[in-house]
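Morning, everyone. Please pull up the model on your screens and keep the sequence beside it. I'll take helices, then the sheet, then the cores.

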Amino acid sequence: MRRRHLSQPLELPLSARHEKETRQAWVYRCVRERIVAGELRRGDRLPSTRTLAERWGVSRGIVELAFEQLTLEGYVASRVGAGTEVVADFSGAMATPAASDQTAPPTQPLPENAASLASKTGRSPDAALFSLPVWRKHMNRALRAVTPELLADTDPRGYLPLRESIARYVRMTRGIACEADEIVVTTGIRHAIDLVTEVLADDTTAFYLEDPGYKNLSTLVRAPSQRCVSVPVDDEGFVVEAADHAGGGRPGIAYVTPAHQAPLGTTMSINRRMQLLEWASARDVWIVEDDYDSEFSYGSAPLPALKAIDTQARVIHCSSFNKSLFPSLRIGYLLAPPALLARIAGQRSASGRSNSLIEQMALASYIDSGDFARHLRASRSVYLRRRNLLLETLRAQMTTPCRITGDHAGFHCVLWLPSQVDEAALVAALRAQGVFVEGLREFTRAQTVPPGLVLGYAALDDARLPEIATCIATLIPLIRRACEVRVG
C-alpha cells in the first residue's frame, strides 16, 4: 500500500502571474512547477477546487480545468471522497542533478553531541528500560486534562504542579528544604548552567572548574581561558585551597559535582563541603551543584545534597530527568537562591528555551503516581548488575594490577592504568576493536593526572560487557609491553 505523506490537504503558495498568461494556465503552472520541483510529492493531497479558488481569487471552474489538464498529463489523480492527490514521482529525477554536480561543496557531518557520546560509551541511561506503555498512560492523562488556560500559562518557572512534585521529591531524597516557588524548570543541566552564566557572569567573573571535569565546560560558560580556574580534585573532591590560591580570591562561579564527581567518581566529603561553603561565602562565589546521577547509588544512600547544608544561600542546585529517564525528554530543573530567582526566571523567559506543557503535565503525574520511583528502583538494579558484570570480568581477566574507583554510584567508573601504559594508544587500540572508551586525560584542562580509562556500563547490553572487559584486560599488557620496548 502506498504511504501518504500528508493526511490533510496542503496550503499552496501562489506564484506571480506572467504577462498575458490566462488564469487557467497560471493555476496549472503553479501546481505543476511544485510537483516537478519535488515540493509536492507522490501521495500529497491537494486542496479542493473550491478552497483553491477562494484562496487564489479565481473561479472554481478555472481550477477544475487546470486539474483536468494535470490529470490527463498524469501529474495528479482524483477519487470520489478522497480528493485529488499527486501521483507523479519526481524524487529520482530531483536527486540526479545534485548527485552529478561536481561543484557542490561536500556535506559536513554534524559534530557528535554529548548525549550521543555518552550513549556510545555507556555513560547514559538505557532508554530501553523506560516503560513506554506507562508513559503513554500519563501523556494521555495530560492530554485529557489540559485546558486553554493551561496552554496560555506564561509562568517562566514552568508548570506549577510539576514544580510542586519536584519540590516534594528533592525534600525527601536530597534533604533540601524547598518549595515549588524556588524551582525553575529547564531543558536540562546545560540549560541551567547557561541561565546561571547569563545572569551572574560579566567580563571579570572567574569560573572555578573541576579538573578533570566535564568536557567543553569552559566553552559552555563562554569564558576565555584566563578566567577559567583549573581546580584539582582529590579523594575528598574539589580542592578549595587550590581554588583560592589559583583564583586569587576573586568572586565568581564554582561548578562542582559533589555526589559523584565527573569523571573521577569521587564523593565530596562532608568536611570538604563545609569548607567549600565557607570559602564561597567569604569570596562571593556562587556554587553550581550538578546533581546529575545521585539517584543511582549502589551501596548506602547518597549524602544529602550540598544545597541541603547551604545556610548562606550560595548554592544553585541543578538536576535533570534526562539522566534518570531518557535523554530526549529535555526536562530538568534548578533550585535558585531567593536573591537570584527573579533574574533566573526572567532570563529563562527571555531565552525562549521552554518545555512542552504536555510533557511537564505527564511528568508531574508520573512522579506523583509512584511510577518514577518504581522506574528508578528497576533501573538501579539493572545498572548494578551491569556494573558487576564489567568489574567481575575485569578482575578475573586482568593480569596487570589496576585500581578501580568511582564504582559505588552512577553510570561509570575509572580504571587506573600502570604508569607505563600509553593511555591514548590504549584508547585507540580499543576503539579499533569496537570498544569505545574514553581516556581520563580527555577530561583534563590544566591538571596532570595518571593514565586511566573512564568506563561506562549503564547503557550497554549485558552480553556485551564481559566482551568489553576481556578486550580491555587483554590489550593493557600488550600496550604496556609496547611502551616499554619503545622507551627501552
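Let's begin with a cut-off: two helices count as roughly parallel when the angle between them is under 35 degrees. Keep in mind that this is a predicted model.

Now take helix α11, residues 240-247, and helix α12, residues 270-283. They pack at an angle of about 25 degrees. Their axes are 10 Å apart. So α11 and α12 are roughly parallel to each other.

Who makes the contact? From α11, we have V240, E241, A243 and D244. From α12, we have R272, Q275, L276, W279 and R283. Sort those by class, and the contact has four nonpolar residues, four charged ones and one polar one.

On to the sheet. It is open, and eight strands form it. Read the order with me: β3-β10-β9-β8-β7-β4-β5-β6. The pairing is mixed. Which strands stand at the edges? They are β3, at 183-186, and β6, at 237-238. Each has a single partner strand, so one side of each is left without a neighbour in the sheet.

Zoom in on one pair. Strand β8, residues 285-290, runs parallel to strand β9, residues 315-320, and four bridges join them. Find E289; opposite it, in β9, stands H317. As a reminder, strands of a sheet pair through backbone hydrogen bonds.

Helices lie on this sheet too. Helix α8, residues 160-173, lies across β3 and β10, and it runs at about 110 degrees to β3. Helix α14, residues 338-351, also packs on the sheet. Its direction makes about 20 degrees with that of β3. The strands α14 touches are β3, β8, β9 and β10.

Next, the cores. How many residues does the largest nonpolar core have? It has 65. F321, L363 and L453 have the most contacts inside it. Helix α18, residues 464-487, gives the largest share, 10 residues.

Click on F321. Beyond its neighbours within four places in sequence, its contacts include I166, F326, L329, Y333, L363 and F372. Apart from this core lies another, of 28 residues. Among them are L220, I253, I316 and L340.

One last stop: R34, in helix α1, residues 23-36. Is R34 buried or exposed? The cut-off for buried is under 20% relative accessible area. R34 has 11%, so R34 is buried. Setting aside neighbours within four places in sequence, R34 is in contact with P13, L14, S15, E39 and L40.

That's my tour. Thanks, everyone.

Conventions:
Residues are numbered from 1 along each chain as its sequence is written. This is a predicted model: local features need pLDDT of at least 70, side-chain atom pairs count only at pLDDT 80 or more; totals for chains, interfaces and linings use all residues. Side-chain values use heavy atoms; hydrogens and water are left out. Axes are lines fitted to C-alpha atoms, for helices over the stretch in contact, and angles run from 0 to 180 degrees between N-to-C directions. Helices (H or I, at least four residues) and strands (E, at least two) are DSSP runs, numbered from the N terminus. Angles under 35 degrees count as roughly parallel, over 145 as roughly antiparallel, 65 to 115 as roughly perpendicular and the rest as oblique. Contact means heavy atoms within 4.5 Å. Ala, Val, Leu, Ile, Met, Phe, Trp, Tyr, Cys and Pro count as nonpolar, Asp, Glu, Lys and Arg as charged, and the others, Gly among them, as polar. Two strands pair if DSSP finds at least two bridges between them. A nonpolar core is a set of buried Ala, Val, Leu, Ile, Met, Phe, Trp, Tyr and Cys residues joined through side-chain atoms within 4.5 Å. Buried means under 20% relative accessible area, exposed over 50%, partly exposed in between (1.4 Å probe, protein chains only).
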